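Open the model in your viewer and keep the selection box handy. We will go from stop to stop, picking a few residues each time and looking at what surrounds them.

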Amino acid sequence: MAATPQNPDAAPRRKVSRHRGEGQWAVGHFTPLNGNEQFKKDDDGLNVRTRIETIYSKRGFDSIDPNDLRGRMRWWGLYTQRKPGIDGGKTAILEPEELDDKYFMLRVRIDGGRLTTDQLRVIGEVSQEFARGTADLTDRQNVQYHWIRIEDVPEIWNRLEAVGLSTTEACGDTPRVILGSPVAGIAEDEIIDGTPALDEIQRRIIGNKDFSNLPRKFKSAISGSPLLDVAHEINDIAFVGVNHPEHGPGFDLWVGGGLSTNPKIGQRLGAWVPLDEVPDVYEGVISIFRDYGYRRLRTRARLKFLLADWGVEKFRQILEDEYLERKLVDGPAPEQPVARWRDHVGVHRQKDGNFYVGFAPRVGRVDGTTLTKIAELAGAHGSGRLRTTAEQKMVVLDVEESRVDSLVEGLEALDLTVRPSPFRRGTMACTGIEYCKLAIVETKARGASLIDELERRLPEFEEPITINVNGCPNACARIQVADIGLKGQLVLDEQGRQVEGFQVHLGGALGLEAGFGRKVRGLKVTSDELPDYVERVLKRFQAERADGERFAAWAARASEEALS
């Protein structure tokens, strides 16, 4: 076991080729090199729950210690939200206390996207009672509330935990929610069900102080679906279902993916992992990140930077020799998915003869009342199970064939369409300036209005298209891997005024042809110009594309004039 600040006498692992200033624990460098590392050394983030319950919820917002407020409270899913009325031009100028409102975003982690109707009903009730009706579906299968008062947090935890839900390590330098296939265990075409491994990882890792002080966030995904439905390419660790020619169904191991301002596509280690060994391999990889990860600069503290410096071969060797103490089996890469959508929207047969029904809210925006109605519909038409997806969608499971049409009608009445246009289906948006302290522009309403405009202007457009709208450069809405990625920033309009707008990325993709979108030199659009611009580019795509050609392929070869 490597030495850690909690166990400094343990034998240190061998040195690696990084200078002392990186702050890697595995080579004995425990001195905190920035404020975040200092507050984590001072007190584990998990310990803040006691102070929230016994002090802050009773004395109010002004009693909260700053290192808890903007640091450790994230370990329990809490971020301060943006004070209303502060425009995007001040995002990078004001001090944190000037941006902070006295309310919180609270993230409910939903590992594998798995929900019961009882759980969804409680999520909806908490939204209505404590969050002014807010409840957004995220692209990491979570639900996010806003307008949460610190005084209400203990009661919210009581309500959620009574039905088996949690906010533990939903944020912070921790193992975040584990993405899982929304149709794990039920899909007819599933290669392997990763649910047992996901459950065991949760049991071992989440809330465990051995893994609650990581260099930064750690994002995970497990899916045995041939649709590659959990964005495995942009997670720190991902297990992707494959069939080994000798050993049968298992998982292909990927590490080092991530977006933000320095995007990297994850890389295969070339290893095949059987289901019962997935938790051990997960623990090995997260331990490498904890022990060898860079802790000097926050901008280099993700696993992707360590992998880039070490390379795949060295990373696998250290995983095998120092953590697993055995060799991994070489294995095949995943096959190219046949379907072009991987969000499970629509009506699909399960392997037991029942059906699952996936539907599309607008850019993940729902509310507490809607969620309770979805729970009622699911309870009336299914077995009481639902799933969230990694595309801001939701799926009702276990619907008998005779009840499918009735469920679809009920969802459509809530404006939750099972047969969405490509624009409704393919548009995602992050939280944006409405609540996020990092954002520069508005996103949710902009994305919803863009959908409406494109449906009106291009009613015959049928090609799969992804349009991802982000309020800042941090890529929570995956702008670099969308067909049309929109990074929020301030731009100049025709009158020379500074207004909300977007830098455009074109032709990004996930899947086995994953890559980042192309930026056309000088191409920026104002928010008001956005529908005109997207309409123009999509019409050119329709006019110039080869037979069967996808937007990403066309955008890669198109002239800058065609993309402008």
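Begin by selecting Arg387 and Val395: in this predicted model, Val395 of strand 16 is the bridge partner of Arg387. Now widen the selection to strand 15 (residues 385-388) and strand 16 (394-399). Three bridges join these two strands, which run antiparallel. Between the strands of this hairpin there are five residues, and Gln392 takes a positive phi near 65°.

Stay with strand 16 for a moment and colour it by accessibility. Is it mostly covered or mostly open? Mostly covered: six of its six residues are buried. On to another of its pairings: select strand 13 (residues 355-359), which is joined to strand 16 by four bridges, again antiparallel. Val357 is a good residue to label here, since its bridge partner in strand 16 is Val396.

Next, show the whole sheet. Five strands make it up, in the order 3-15-16-13-12; the sheet is open and its pairing antiparallel. Why do strand 3 and strand 12 each have one side without a neighbour in the sheet? Strand 3 (114-116) and strand 12 (346-349) are the edge strands and have a single partner strand each, so one side of each stays free of a sheet neighbour. Look along the sheet and you can follow its twist, which averages 25° from one strand to the next.

At the strand 3 edge, three bridges tie strand 3 to strand 15, and the two run antiparallel. Pick Thr116 to see one of the pairings: its bridge partner in strand 15 is Arg385. Then add helix 5 (residues 117-130), which packs on this sheet and touches strand 3, strand 15 and strand 16. The direction of helix 5 makes about 85° with that of strand 3.

Now for a second sheet. Six strands form it, in the order 6-7-8-9-10-11; this sheet is open too, but its pairing is mixed. Its edge strands are strand 6 (175-180) and strand 11 (329-330), each pairing on one side only. Within the sheet, select strand 9 (residues 248-255) and strand 10 (residues 267-273): four bridges join them, and they run antiparallel. Phe251 has Val273 of strand 10 as its bridge partner.

Add helix 10 to the view. This helix lies across strand 9, strand 10 and strand 11, running at about 35° to strand 10. Helix 10 (residues 312-324) also packs with helix 9 (residues 303-310), at an angle of about 105° and with the axes 6 Å apart. The two helices are therefore roughly perpendicular. To see the contact, show side chains for Leu303, Leu307 and Trp310 of helix 9, together with Val312, Lys314, Phe315 and Ile318 of helix 10. By class, that contact has six nonpolar residues, one charged and no polar ones.

From there, step to Arg302, in the loop between helix 8 (278-292) and helix 9. Arg302 is buried, with a relative accessible area of 11%. What does Arg302 touch beyond its neighbours within four places in sequence? Its contacts are Arg216, Lys217, Lys219, Asp236, Gly257 and Phe289.

Rings come next. The structure holds 15 aromatic pairs. Select Trp147 and Tyr435 for an edge-to-face example, 6.0 Å centre to centre with 85° between the planes. This pair links distant parts of the chain: Trp147 belongs to strand 5 (residues 143-148), while Tyr435 is in the loop between strand 17 (427-429) and helix 14 (444-457), 288 residues apart. Trp147 is buried at 16% relative accessible area, and Tyr435 is buried at 8%. Then select Phe423, Phe461, Phe541, Phe551 and Trp554, which ring pairs link into a cluster.

Last stop: Asp415, found in the loop between helix 12 (404-413) and helix 13 (422-426). Is this residue buried or partly exposed? Asp415 is partly exposed, at 37% relative accessible area. Setting aside residues up to four places away in sequence, Asp415 touches Ala360, Arg362 and Arg424. For a final distance, draw a line from Asp415 to Phe39: they are 376 residues apart in sequence and 45 Å apart in space, C-alpha to C-alpha.

Note on methods. Residues are numbered from 1 along each chain as its sequence is written. This is a predicted model: local features need pLDDT of at least 70, side-chain atom pairs count only at pLDDT 80 or more; totals for chains, interfaces and linings use all residues. Side-chain values use heavy atoms; hydrogens and water are left out. Axes are lines fitted to C-alpha atoms, for helices over the stretch in contact, and angles run from 0 to 180 degrees between N-to-C directions. Angles under 35 degrees count as roughly parallel, over 145 as roughly antiparallel, 65 to 115 as roughly perpendicular and the rest as oblique. Contact means heavy atoms within 4.5 Å. Ala, Val, Leu, Ile, Met, Phe, Trp, Tyr, Cys and Pro count as nonpolar, Asp, Glu, Lys and Arg as charged, and the others, Gly among them, as polar. Two strands pair if DSSP finds at least two bridges between them. Rings of Phe, Tyr and Trp (its six-membered ring) pair if their centres lie within 6.5 Å; planes under 30 degrees apart count as stacked, over 60 as edge-to-face and the rest as tilted. Buried means under 20% relative accessible area, exposed over 50%, partly exposed in between (1.4 Å probe, protein chains only).
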